[in-house]
Amino acid sequence: ADAMPVPAAAWQALLADPPRLAEARVRLHPATAWIACRHAAADLWQAHGRAAQPELAVLDGIDPSHAQDVLVWRDADDTVRVASLPTGCAAALDALHAGAPLLQALSSLPPADCAALLSLLAGAARVVAVVESFVALEAPCP
């Protein structure tokens with residue numbers, strides 16, 4: 001389904017206010033999915049996506065048994081994007097999807113991984129609503 005992302009200015013204001021950010025709950029774009037994989041799903045997908053033909057994919061340097069958390073989304077041009085996430089981010093996304101506040105959902109991640117996940121969510125426009133104290137900051141309907 002299509003949904004308008006939270007405007008960049010709203011994200012910037014939230015990121016600049018740590019107490020608000022900690023308690024905020026986010027609603028992720030419906031065309032976003034994630035998974036904790038037992039193999040190098042993102043690396044393998046990207047290698048095959050760069051190849052002219054699947055059988056020509058360069059797999060040197062990819063350890064297929066390397067576990068990866070993976071984020072998959074459809075961008076504004078309807079292109080499917082795949083990104084590798086730091087380990088533990090899929091569990092944090094599960095918690096966000098279940099309605100946990102950001103601080104609680106991200107509490108098990110190291111600070112650098114929290115920053116990487118928030119940056120990816122904001123930069124890829126994967127959040128369609130931020131709920132703070134029962135007040136929703138949603139993108140306007142087109």
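Six helices and six strands make up the regular elements of the chain. The model is a predicted one. Read from the N terminus, the elements come in the order α-α-β-β-α-β-β-α-α-α-β-β. Taken along the principal axes, the C-alpha atoms fill a box of roughly 50 × 35 × 25 Å. There are 142 residues in the chain, and 37% of them are buried. As for the outside, the chain exposes about 8,300 Å², with carbon and sulfur atoms supplying 60% of that area.

How do distant parts of the sequence meet? Take the contacts between residues at least 6 apart in sequence: 67% of these join residues at least 24 apart.

Now for the inside of the chain. The largest nonpolar core holds 29 residues, and the ones with the most contacts inside it are Leu93, Leu102, Leu106, Leu117 and Val127. Plenty of elements chip in: at least two core residues each come from the helices α1 (8-15), α4 (89-97), α5 (102-106) and α6 (111-123), and from the strands β1 (25-28), β3 (68-74), β4 (80-85) and β5 (127-132). Helix α4 gives the largest share of this core, with five residues.

Leucine 102 makes a handy example to follow up in the structure, as one of the core residues with the most contacts there. Setting aside its neighbours within four places in sequence, leucine 102 touches Leu21, Ala22, Ala24, Val26, Leu96 and Leu118, all of them in contact with it.

Next come the pockets. The largest pocket has about 150 Å³ of space. Its lining draws on several stretches of the sequence: Asp2, Ala3 and Pro5, then His29, then Arg74, Asp75, Ala76 and Asp78, and finally Ala124, Ala125 and Arg126. Sorted by class, that lining has five nonpolar residues, five charged ones and one polar one.

One of the lining residues, aspartate 78, is worth a stop of its own. Aspartate 78 sits in the loop between β3 and β4. Is aspartate 78 buried or exposed? With a relative accessibility of 53%, aspartate 78 counts as exposed, because the cut-off for that label is over 50%. A final pair of numbers helps to place this residue: aspartate 78 and leucine 120 are 42 residues apart in sequence, and from C-alpha to C-alpha they are 18 Å apart in space.

Conventions:
Residues numbered from 1 in each chain as written. Predicted model: local features only at pLDDT ≥ 70, side-chain atom pairs only at ≥ 80, totals over all residues. Heavy atoms only, no water. Core = buried A, V, L, I, M, F, W, Y, C linked by side-chain atoms within 4.5 Å. Buried < 20%, exposed > 50% of the residue type's maximum accessible area, 1.4 Å probe, protein only. Helix = DSSP H or I, 4+ residues; strand = E, 2+ residues; numbered from the N terminus. Contact = heavy atoms within 4.5 Å. 1 Å grid on protein atoms, 1.4 Å probe; cavity = no way out; pocket = protein on both sides within 12 Å on 5 of 7 lines; lining within 4 Å. Points joined across faces, edges and corners; volume = space filled by probe spheres on them. Nonpolar A, V, L, I, M, F, W, Y, C, P; charged D, E, K, R; others polar. Areas by Shrake-Rupley, 256 points an atom, 1.4 Å probe, with all protein chains shown as cover.
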